[in-house]
Amino acid sequence: MAVVGFMLMLAGAGWRVWARVEAKVKVAEDKAERVQERSDKVAADLASFRIHSAETFATKAGLQEQTAQLLRAIEGIGNRIDGVHERLDRAFEQRTAGRRAS
């Protein structure tokens, strides 16, 4: 009878250890599932950000084109200022020449 009791005790202890191992495995699987869900969400957010940045941010070629346009506009303003300067010079030259003649 003692041998049967001992065997039952060993079987019970083994069953309890197995139940604990199963519980730990279940917890680990749940954690892995949550981590997988979070990584999927992060991947979706990253893809969304990539699309947003491609639509929103300027490309290097676009920036070069904008810079060239700005430089042409500044050059045009400089040419206009030079033209106004020359006209003013001629106007003052005519006034000073008119005073000398009188």
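Reader: Why is aspartate 30 called partly exposed?

Author: The relative accessible area of aspartate 30 is 29%. A residue is buried under 20% and exposed over 50%, with partly exposed in between (1.4 Å probe, protein chains only). Aspartate 30, at 29%, is therefore partly exposed. The model is a predicted one, in which local features need pLDDT of at least 70 and side-chain atom pairs count only at pLDDT 80 or more, while totals for chains, interfaces and linings use all residues. Residues are numbered from 1 along each chain as its sequence is written, and side-chain values use heavy atoms, with hydrogens and water left out.

Reader: What makes the contact of aspartate 30 with lysine 26 a salt bridge?

Author: The closest N and O atoms of lysine 26 and aspartate 30 are 3.4 Å apart. A salt bridge requires a side-chain nitrogen of Lys or Arg within 4 Å of a carboxyl oxygen of Asp or Glu, so the pair at 3.4 Å qualifies. Side chains of opposite charge can pair when their charged atoms come close. Lysine 26 and aspartate 30 are 4 residues apart in helix α1 (residues 2-56), and therefore about one helical turn separates them. Lysine 26 is partly exposed as well, with a relative accessible area of 47%.

Reader: How many salt bridges does the structure hold, and how is it known that lysine 41 and aspartate 45 form one?

Author: There are 2 salt bridges in the structure. Between lysine 41 and aspartate 45 the distance from N to O is 3.0 Å, which satisfies the criterion, so this pair is a salt bridge too. These two residues also stand 4 residues apart in helix α1, about one helical turn from each other.

Reader: Which of the two residues, lysine 41 or aspartate 45, is exposed?

Author: Lysine 41 has a relative accessible area of 53%, and is therefore exposed. Aspartate 45, at 42%, is partly exposed.

Reader: What makes Arg16, Arg20, Lys24, Lys31, Arg34 and Arg38 a positive surface patch?

Author: Patches consist of residues with over 30% relative accessible area and no salt bridge, where like charges are joined within 9 Å and nonpolar side chains (Val, Leu, Ile, Met, Phe, Trp, Tyr) within 5 Å. Lys and Arg count as positive, and Asp and Glu as negative. The six named residues are of the Lys and Arg kinds, so the patch they form is a positive one. One of them, lysine 24, lies in helix α1 and is exposed at 63%.

Reader: Which residues gather in a patch of negative charge?

Author: They are Glu22, Glu29, Glu33, Glu37 and Asp40. Aspartate 40, located in helix α1, is partly exposed with 45% relative accessibility. That value is over 30%, so aspartate 40 meets the accessibility condition for a patch. Across the whole chain, the mean positions of the 17 positive and 14 negative charges are 6 Å apart.

Reader: Which residues make the nonpolar surface patch?

Author: Val3, Phe6, Met7, Met9 and Leu10 make this patch of about 530 Å². Valine 3 belongs to helix α1 and, with a relative accessible area of 62%, is exposed.

Reader: How many helices and strands does the chain have, and what makes it more spread out than a compact globule?

Author: The chain contains 2 helices and 0 strands (DSSP runs, numbered from the N terminus: H or I of at least four residues for helices, E of at least two for strands). Its radius of gyration is 43 Å, whereas the globule rule gives 13 Å for 102 residues; 43 Å is well over that, so the chain is more spread out than a compact globule. The radius is taken over C-alpha atoms, and the rule is 2.2 Å times the number of residues to the power 0.38. The C-alpha atoms fill a box of roughly 145 × 20 × 10 Å along the principal axes. Between aspartate 40 and threonine 96, 56 residues apart along the chain, the C-alpha separation is 82 Å. Buried residues make up 1% of the 102 residues.

Reader: Where is alanine 58 placed, and is it buried or exposed?

Author: Alanine 58 sits in the loop between α1 and α2 (60-101). Its relative accessibility of 57% is over 50%, so alanine 58 counts as exposed. The C-alpha atoms of alanine 58 and alanine 44, which are 14 residues apart along the chain, lie 23 Å from each other.

Terms used. Areas by Shrake-Rupley, 256 points an atom, 1.4 Å probe, with all protein chains shown as cover. Charge placed at Lys NZ, Arg CZ, Asp CG, Glu CD.
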